[in-house]
Structure formats: structure tokens, C-alpha cells
Amino acid sequence: MRCPRCGATNPDTAQWCGQCFGRFSEDAPEPAEAQEIPSDAHDVVASEAPAAPPVAAGRRGFRRQGDDIQWACPRCEHFNPIDLQHCEVCGSAFIERLRDDEPEPSRDWRAAVALSALAPGAGHVAVGRHSSGIARLVLFAGWLLGAIALGGSGGSRAVTVVAPLLLGALVLWAGSLVDLHRLQRGDKELLSGRPLLWLVLAVLTLMGIGLFASVGGRAG
């Protein structure tokens with residue numbers, strides 16, 4: 001059977017074209033001219049055996065579910081029916097998965113580490129981790145400036161608030177350096193998402209405990 005769309009040769013029992021993945025139908029128009037198939041073309045031979053196990057999601061991932069063929073989204077890795085031109089989850093176009101992977105941009109990791117040593121988060125921004133880097137910059141600057149401002153006012157209450165702020169800023173500074181080395185090795189960050197949220201909650205909790213102890217000490 002020759003595909004009426006691309007001209008590829010398929011078994012007579014095939015329901016899908018192995019070249020363009022178009023569905024065969026009885027009323028499909030015949031091609032105006034027969035197309036020559038290159039000698040190195042790879043025809044997918046349909047099998048009447050039970051459905052093969054799903055192919056791992058990736059830029060070239062396809063899988064069969066019964067008589068249907070599905071393609072894996074190159075961004076969210078969700079499998080979509082072959083009839084869909086866009087991912088039903090994130091909206092990415094089917095054509096994106098056929099494009100060649102773009103080379104990774106070169107990154108100066110030494111400069112990124114130096115920037116992160118001066119201001120946690122600046123190194124992440126330098127290597128393209130903008131959301132994570134900006135969050136770290138805002139937290140570090142807020143905690144450090146808050147500690148300096150409260151420390152200058154003096155008093156025991158100021159000290160109980162300054163200590164958690166400085167501790168959080170120190171953990172964020174060290175964690176940012178560690179995370180840059182992990183990113184360079186291709187590992188995930190330690191302080192991102194939920195762990196970073198837990199750090200913020202820990203600093204706020206220590207500040208609350210310090211204020212409560214200070215007020216209790218004065219009342220006693």
C-alpha cells in the first residue's frame with residue numbers, strides 16, 4: 001500500500017503511514033504523481049503482534065496504544081494522539097520535536113561562582129537560571145539589609161531578630177555556591193522550590209521565637 005500523502009510504501013494491513021503517520025482511509029485521495037522513495041528511507045513495518053510497551057518520552061519518542069500512535073511532547077513529555085498538531089497539555093507544536101537540538105550556550109562557571117560569592121543569585125542569573133537567581137538575590141539582600149538596619153537600632157529585641165536573618169543569609173550564600181557546582185555537574189539544585197521555601201519559613205520561625213522570648217523576658 002502506498003501512502004496517498006507522502007508516497008511511502010506500507011503493508012496492506014497498516015492503518016497508519018510509517019513515514020508521515022497519517023491515518024489511511026478508504027476515501028483518501030490518490031497522489032497526483034507517484035513519489036520516488038529514497039533508497040535509504042526507513043519504512044516502519046506495522047506489526048500485528050500485541051501493542052509494544054511505551055517508548056520512553058524524549059525528543060524522538062513515539063508509542064503505540066492499541067491501534068493508535070502517540071507522540072511525546074518535547075517540553076512536558078506528555079503523549080498526544082498523532083492527529084493533534086499541538087500538545088494538549090502545554091500547547092507545544094508537533095514540529096518542535098522534529099527540529100535538531102540546539103547546542104548548549106557556553107557558560108563561564110568561574111565567573112558565575114565569583115559573582116555568587118559577592119551576591120548569592122548573581123551567578124545563577126549569569127548561567128541562565130534567572131528565576132532561581134532573582135529569588136536568591138531578593139532574599140539575601142532583604143535579610144542582610146534588615147539585619148543591618150535592626151542591628152543599628154540596638155536593644156535585646158533587635159538582636160533576637162538579627163541572628164535568624166544573618167543565619168538565613170549565610171545558609172543562602174553557602175547554598176548558592178554549592179548549587180552552582182551541582183549545576184555545572186548536571187545535578188539538581190539543593191535550594192530550589194520547596195527547600196528554599198522551608199529556609200524562608202525557618203528564618204521566620206526563628207525570628208518569631210526570638211521576639212516571643214524577648215517579650216517574655218521583659219514581662220518577667
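This passage describes the predicted model of one protein, from its overall make-up to its strands and one helix. Residues are numbered from 1 along each chain as its sequence is written. Because the model is predicted, local features need pLDDT of at least 70 and side-chain atom pairs count only at pLDDT 80 or more, while totals for chains, interfaces and linings use all residues; side-chain values use heavy atoms, with hydrogens and water left out.

The mean pLDDT (the predictor's confidence in each residue, from 0 to 100) is 76 for the protein, and 73% of its residues reach 70 or more. Over residues 41-59 the pLDDT is below 50, and this stretch has 29 contacts in the model beyond near neighbours in sequence; a contact means heavy atoms within 4.5 Å. Where pLDDT is low, the predicted coordinates should not be read in detail.

The protein contains 5 helices and 3 strands. Helices (H or I, at least four residues) and strands (E, at least two) are DSSP runs, numbered from the N terminus. Along the sequence the pattern is β-β-β-α-α-α-α-α. Of the 220 residues, 31% count as buried, where buried means under 20% relative accessible area, exposed over 50%, and partly exposed in between (1.4 Å probe, protein chains only). Among contacts between residues at least 6 apart in sequence, 43% join residues at least 24 apart.

Strand S2 (residues 68-72) pairs with both S1 and S3; two strands pair if DSSP finds at least two bridges between them. S1 (residues 62-65) runs antiparallel to S2 and is joined to S2 by 4 bridges. The hairpin of S1 and S2 has 2 residues between the strands, and Gly66 takes a positive phi near 70° there. On the other side of the pairing list, S3 (residues 79-81) is antiparallel to S2, with 3 bridges between them. The hairpin of S2 and S3 has 6 residues between the strands, and Glu77 in the turn has a positive phi of about 65°. In S2, 4 of the 5 residues are buried.

Gln70 lies in S2. Its bridge partner in S1 is Arg63, and Gln70 also stands opposite Pro81 in S3. The side chains of Gln70 and Arg63 are joined by a polar contact of 2.7 Å. A polar contact is a pair of N or O atoms within 3.5 Å; within protein, one must be able to donate a hydrogen and the other to accept it, and residues adjacent in sequence count only if both atoms are side-chain atoms. With a relative accessible area of 14%, Gln70 is buried. Leaving aside neighbours within four places in sequence, the contacts of Gln70 include Phe62, Phe79 and Ile82.

Two cysteines are also buried: Cys73 has 0% relative accessibility, and Cys87 has 5%. The structure holds 0 disulfides (pairs of cysteine sulfur atoms within 2.5 Å).

In helix H1 (residues 109-118), the buried residues are Trp109, Ala112 and Ser116. Seen down the axis of H1, these residues fall within an arc of 55°, so they line one face of the helix; the arc is that of the directions from the helix axis to the C-beta atoms. An α-helix has 3.6 residues a turn, so residues three or four places apart point the same way. The face of H1 turned away from the buried side carries the exposed residues Arg110 and Leu118. At the start of H1, a side-chain oxygen of Asp108 reaches to within 3.4 Å of the backbone nitrogen of Arg110.
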